[in-house]
Amino acid sequence: MKILLSAVMLVIVTFAACKKESVVTYSSNTLVAGLWTGKYSAGGGINVDWTASLKADGTCRVYETKIADTALTSKLDGVYNISEGKLKILAKTAGSLQIKYDAVLNSNSLEGTIIWNYIANGIPTNTAGIANLVKQ
């Protein structure tokens with residue numbers, strides 16, 4: 001009986017002494033949340049401004065110009081993900097404009113490749129180039 005009581009006490013003391021660790025989840029998306037502006041360039045003399053508004057929940061809005069949220073610019077809604085220092089954006093309009101951006105995060109700047117997909121005169125067109133963004 002003493003052995004059984006000792007074993008029960010040992011188990012109770014062991015479980016009571018164990019401290020439950022709190023798990024902290026950290027989204028790396030918070031590192032890049034905010035407004036980013038930059039340039040996009042491709043062959044044929046294309047060199048234009050663009051803006052990306054990245055939210056901590058992984059959603060984003062991309063604008064064709066440096067000036068965000070005006071009535072004259074196309075707005076593309078989408079998602080982004082950051083993993084191991086690399087950022088990927090996929091956004092599109094309700095119409096035919098779509099963007100894919102793959103970049104490397106370096107402090108407060110992003111450098112990478114960009115592809116704009118759109119339909120012009122019924123013909124699907126892809127324009128690929130390089131793009132950068134700087135956090136504002």
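## Report on a predicted single-chain model

The chain contains two helices and eight strands. This description rests on a predicted model. Read from the N terminus, the order of elements is α-α-β-β-β-β-β-β-β-β, with both helices preceding the strands.

The chain has 136 residues, and 27% of them are buried. Its accessible surface amounts to about 9100 Å², with 60% of that area belonging to carbon and sulfur atoms. Of the contacts between residues at least 6 apart in sequence, 32% link residues at least 24 apart.

**The nonpolar core**

The largest nonpolar core comprises 24 residues. Within this core, W50, L54, V62, L87, I89 and Y101 have the most contacts. The elements that each contribute two or more residues to the core are listed below.

| Strand | Residues |
|---|---|
| β1 | 34-42 |
| β2 | 46-54 |
| β3 | 59-63 |
| β4 | 75-83 |
| β5 | 86-92 |
| β6 | 98-106 |
| β7 | 109-120 |
| β8 | 123-135 |

When neighbours within four places in sequence are set aside, V62 is in contact with W50, T51, A52, S74, K75, L76, I89, A91, I99 and W116.

**The largest pocket**

The largest pocket holds about 180 Å³ of space. Its lining consists of Y40, I46, V48, D49, W50, E64, L97, W116, Y118 and T127. Seven of these lining residues are nonpolar, one is polar and two are charged. At least two lining residues come from each of β2 and β7, and β2 provides the largest share, with four residues. W50 therefore appears in two settings: among the core residues with the most contacts and in the lining of the largest pocket.

Technical notes. Residues are numbered from 1 along each chain as its sequence is written. This is a predicted model: local features need pLDDT of at least 70, side-chain atom pairs count only at pLDDT 80 or more; totals for chains, interfaces and linings use all residues. Side-chain values use heavy atoms; hydrogens and water are left out. Buried means under 20% relative accessible area, exposed over 50%, partly exposed in between (1.4 Å probe, protein chains only). Contact means heavy atoms within 4.5 Å. Accessible areas come from the Shrake-Rupley method with a 1.4 Å probe; for residues, only the protein chains shown count as cover. A nonpolar core is a set of buried Ala, Val, Leu, Ile, Met, Phe, Trp, Tyr and Cys residues joined through side-chain atoms within 4.5 Å. On a 1 Å grid over the protein atoms alone, a cavity is a set of points where a 1.4 Å probe fits but cannot get out, and a pocket is an open set with protein on both sides within 12 Å along at least five of seven lines; lining residues have an atom within 4 Å of a point. Grid points are joined across faces, edges and corners, and a volume is the space filled by probe spheres set on the points. Ala, Val, Leu, Ile, Met, Phe, Trp, Tyr, Cys and Pro count as nonpolar, Asp, Glu, Lys and Arg as charged, and the others, Gly among them, as polar.
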